[in-house]
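I'm opening a fresh page for this one. Plan: look at the sheet, then the helices, then the ligand.

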Amino acid sequence: MKRKVLEANLRYYENEGWQRISSSNRRQMAAHLRQLIELIELPAGTCVMDVGTGAGFALSLMRRHLRGYSTLLGADISYKMLQCAKGNEKEATFVQVEGERLPIESETCGAVFFVSVLHHVYAPLDTLVAESARILCVKGYLVIAQEPNRFVNGALNYFRKLLGLWPAEETTMAEYHQFKTNGIPIRSLIARLEQFDFDVLKIHYTNAALADELENKLGGWARVFNFFLLHLQNPLCSLSYSLVAQKRTSRNQ
Ligand SMILES: C[S@@+](CC[C@H](N)C(=O)[O-])C[C@H]1O[C@@H](n2cnc3c(N)ncnc32)[C@H](O)[C@@H]1O
């Protein structure tokens with residue numbers, strides 16, 4: 001299962017995925033992520049790791065928040081995505097690796113980000129959380145953003161199936177992952193985080209990614225829908241959820 005998911009991701013992001021991610025407008029998603037980043041207080045010189053960095057979206061926001069007093073690192077499996085990231089974020093360092101084996105010493109990072117990533121690497125969830133816990137300092141922050149809300153996605157997928165709007169191609173599985181799994185249930189993600197000694201500080205429900213997609217497709221007209229969509233921030237009406245957690249103790253003690 002793990003290999004299959006990894007290969008599907010690579011196939012997708014090395015082909016059409018990198019163009020889609022690097023060229024799309026993410027205005028609402030940036031506003032949403034900034035709200036989460038506001039919760040992060042890091043001492044100068046701290047290292048920040050963005051896993052599945054794509055085109056370096058979270059690192060750009062983090063650089064502005066920290067005003068340059070930090071080492072920014074991005075990891076991704078896709079060479080093409082990393083090429084885009086290098087073009088966008090000149091000050092950051094990028095490595096081509098799988099998120100579950102990060103080439104960083106234990107307890108050296110102040111923050112680890114997974115933005116729109118965990119549901120793409122669904123199979124080894126425990127390994128990814130364990131690896132984040134390993135590299136984070138005590139009191140370090142874990143930001144998991146834009147995960148599909150299983151309840152809403154499950155309901156939408158039910159109607160998609162009824163209407164025959166189901167993606168047929170196995171090759172686009174990476175991008176359609178939540179169609180098959182409906183997303184990671186928030187309760188089981190929180191339970192896992194607690195097992196790895198994380199305290200969840202904040203949970204946000206959002207339709208920001210959908211609002212961006214509408215803006216990309218409809219231009220200014222999208223504002224009419226987005227006004228309502230962006231006010232729907234609860235488990236019953238939001239397509240995604242995000243959370244910020246903080247590492248409680250050292251596992252190396
Ligand atoms: C939806 S994109 C999100 C990119 C970026 N975080 C953003 O928000 O723009 C998912 C990214 O995760 C990367 N990815 C998928 N599986 C991965 C893995 N096992 N390890 C590291 N990166 C992975 C993909 O190559 C892709 O760049």
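**Entry 1: one strand pair.** I began with β6 and β7 (residues 240-247), which run antiparallel and are joined by eight bridges. I wanted to know which residue of β7 K202 stands opposite. I looked across and found V244. Note to self: this is a predicted model.

**Entry 2: the whole sheet.** Next I zoomed out to see what order the strands take in the sheet. Reading across, I get β3-β2-β1-β4-β5-β7-β6, seven strands in an open sheet with mixed pairing. Which strands stand at the edges? They are β3 (93-96) and β6 (198-206). Each of these has a single partner strand, so one side of each has no neighbour in the sheet. I also looked up the twist, which averages 15° from one strand to the next.

**Entry 3: helices on the sheet.** I then checked what packs on the sheet. Helix α2 (residues 27-37) does, and it touches β4 (109-115), β5 (136-148), β6 and β7. I noted that its direction makes about 150° with that of β5. Helix α8 (residues 186-195) packs on the sheet as well, touching β6 and β7. For α8 the angle I wrote down is about 160°, taken with the direction of β6.

**Entry 4: α2 with α3.** A reminder before the helix pairs: two packed helices are described by the angle between their axes and the distance between the axes. The axes of α2 and α3 cross at roughly 50° and come within 10 Å. Why do I call α2 and α3 oblique to each other? An angle of roughly 50° is neither under 35 degrees nor in the 65 to 115 range, nor over 145, so it counts as oblique. I have the crossing down as right-handed. On the α2 side the contact is made by A30, L33, R34 and I37, and on the α3 side by A58, L61, M62 and H65. Sorted by class, these residues are six nonpolar, one polar and one charged.

**Entry 5: α2 with α9.** I stayed with α2 and turned to α9. Their axes are 7 Å apart, and the two helices pack at an angle of about 155°. That makes α2 and α9 roughly antiparallel to each other. From α2 I listed R27, Q28, M29, A31 and H32, and from α9 A208, A209, A211, D212 and E215. How many residues of this contact are charged? I count three, alongside five nonpolar and two polar.

**Entry 6: α9 with α10.** Helix α9 (residues 208-218) also packs with helix α10 (residues 222-229), at an angle of about 175° and with the axes 9 Å apart. α9 and α10 are therefore roughly antiparallel to each other. Here α9 brings L210, A211, L214, E215 and L218, while α10 brings A222, F225, N226 and L229. The classes come out as seven nonpolar, one polar and one charged.

**Entry 7: around the ligand.** Last, the ligand. Which of the 23 residues around it come nearest? I found G52, G54, F57, S78 and G99. I then asked which elements supply at least two residues of the shell, and got α1 (2-23), α3 (57-66) and β2 (70-76). The largest share, four residues, comes from α1. By class the shell has 13 nonpolar, eight polar and two charged residues.

Methods: Residues are numbered from 1 along each chain as its sequence is written. This is a predicted model: local features need pLDDT of at least 70, side-chain atom pairs count only at pLDDT 80 or more; totals for chains, interfaces and linings use all residues. A residue is near a molecule or strand if its C-beta atom, placed from the backbone, lies within 6 Å of it. Ala, Val, Leu, Ile, Met, Phe, Trp, Tyr, Cys and Pro count as nonpolar, Asp, Glu, Lys and Arg as charged, and the others, Gly among them, as polar. Two strands pair if DSSP finds at least two bridges between them. Axes are lines fitted to C-alpha atoms, for helices over the stretch in contact, and angles run from 0 to 180 degrees between N-to-C directions. Two residues are in contact if their C-beta atoms, placed from the backbone, lie within 7 Å. A crossing is left-handed if the near helix is turned anticlockwise from the far one by less than a right angle, and right-handed if clockwise.
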